[in-house]
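Open the model in your viewer and keep the selection panel at hand. The tour goes through charged pairs and then the nonpolar interior.

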Amino acid sequence: MKKLTKESIREYGRIIQGDCFGPLFEKMQCIEYPAEGIEYVMSSKALEEETIKQKVEETIYGGMPVQIGYCIGKNKSLNALEYHRSPEINIAVDDMILLLGRLQDVEMDFSYDTSRLEAFYVPAGTAVELYATTLHYVPCAAKGDTFRSIVVLPKDTNQTLAFEVEREGENQLLMAQNKWLIAHEEAGIEGAFCGLQGENITFL
């Protein structure tokens with residue numbers, strides 16, 4: 001596992017400096033862990049308090065509208081990898097582990113060897129921008145069984161598709177708006193393209 005530094009993460013993204021996310025940590029303290037599994041909320045009114053959201057839009061996304069949500073729960077396994085046509089910001093509320101890869105290493109048949117992934121330990125309070133070419137998915141818990149992460153993406157990312165998709169080529173991976181996903185067969189994700197080969201990496 002790699003220690004997260006400006007140099008170690010540079011192939012996949014960058015550490016975002018500054019304190020604009022401070023108020024979000026306070027709001028996350030009021031959000032309870034689900035009893036089981038993982039809960040993902042793509043847009044949270046509590047986290048999108050106007051001044052916070054506007055500051056993120058202006059300072060990081062150049063004025064583009066964003067959504068601020070969270071991913072929280074119990075997870076120790078890889079299960080899948082996704083990518084977007086845009087950067088994603090992950091903010092660790094608890095210490096967590098990110099498994100990251102390069103979109104350029106996905107094969108022509110859309111398979112991907114999980115041995116190519118690199119694991120990064122992300123300390124609580126750290127904000128990481130993941131580039132559009134970075135494969136990633138739900139964080140893994142670094143301490144105990146649970147994790148909390150704030151997720152910032154362009155508005156309407158992960159919304160249900162409003163059009164029919166012909167399941168051929170890269171469209172086989174399209175699961176939602178701005179969301180392409182390659183799953184591991186062991187994860188049993190309904191409707192997902194199972195192209196991850198090798199170990200479904202799990203942290204004990």
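A salt bridge here is a side-chain nitrogen of Lys or Arg within 4 Å of a carboxyl oxygen of Asp or Glu. The model is predicted, and by this rule it has eleven salt bridges.

**Stop 1: E129 and R14.** Select these two side chains; they meet in a salt bridge, with N to O at 2.7 Å. The pair links distant parts of the chain, since E129 belongs to strand 10 (residues 127-130) and R14 to strand 2 (residues 13-15), 115 residues apart. Colour the two by accessibility: E129 is buried, at a relative accessible area of 11%, whereas R14 is partly exposed, at 36%.

**Stop 2: E57 and K53.** Move to helix 2 (residues 50-59), which holds both E57 and K53, four residues apart, or about one turn of the helix. Their side chains form a salt bridge with an N to O distance of 2.9 Å. Are these two residues buried or exposed? The cut-off for buried is under 20% relative accessible area. E57 has 12% relative accessibility and therefore counts as buried; K53 has 16%, so K53 counts as buried too.

**Stop 3: K179 and E82.** Select K179 next, together with E82: the closest N and O atoms of this salt bridge are 2.4 Å apart. K179 lies in strand 15 and E82 in strand 5, so the pair ties together parts that are 97 residues apart in sequence. K179 is buried, with a relative accessible area of 14%, and E82 counts as buried at 8%.

**Stop 4: a charged network.** Which residues are linked in a network of salt bridges? Select E11, R102, D105 and R116 to display it.

**Stop 5: the largest nonpolar core.** This core has 22 residues. Show L78, L81, L99, Y112, L173 and F203, the residues with the most contacts inside it. The elements that contribute two or more residues to the core are strand 5 (80-83), strand 7 (96-102) and strand 15 (179-183). Strands 5 and 15 are also where E82 and K179 of the third stop lie.

**Stop 6: around Y112.** Centre on Y112 and leave aside its neighbours within four places in sequence. The residues in contact with Y112 are then L81, G101, R102, D105, V106, L117, L135, G195, L196 and Q197. R102 and D105 also appear in the network of the fourth stop.

**Stop 7: another core.** Apart from the largest core lies another, of 21 residues. To find it, select F21, L24, I68 and I150, which are among its members.

Methods
Residues are numbered from 1 along each chain as its sequence is written. This is a predicted model: local features need pLDDT of at least 70, side-chain atom pairs count only at pLDDT 80 or more; totals for chains, interfaces and linings use all residues. Side-chain values use heavy atoms; hydrogens and water are left out. A nonpolar core is a set of buried Ala, Val, Leu, Ile, Met, Phe, Trp, Tyr and Cys residues joined through side-chain atoms within 4.5 Å. Buried means under 20% relative accessible area, exposed over 50%, partly exposed in between (1.4 Å probe, protein chains only). Contact means heavy atoms within 4.5 Å.
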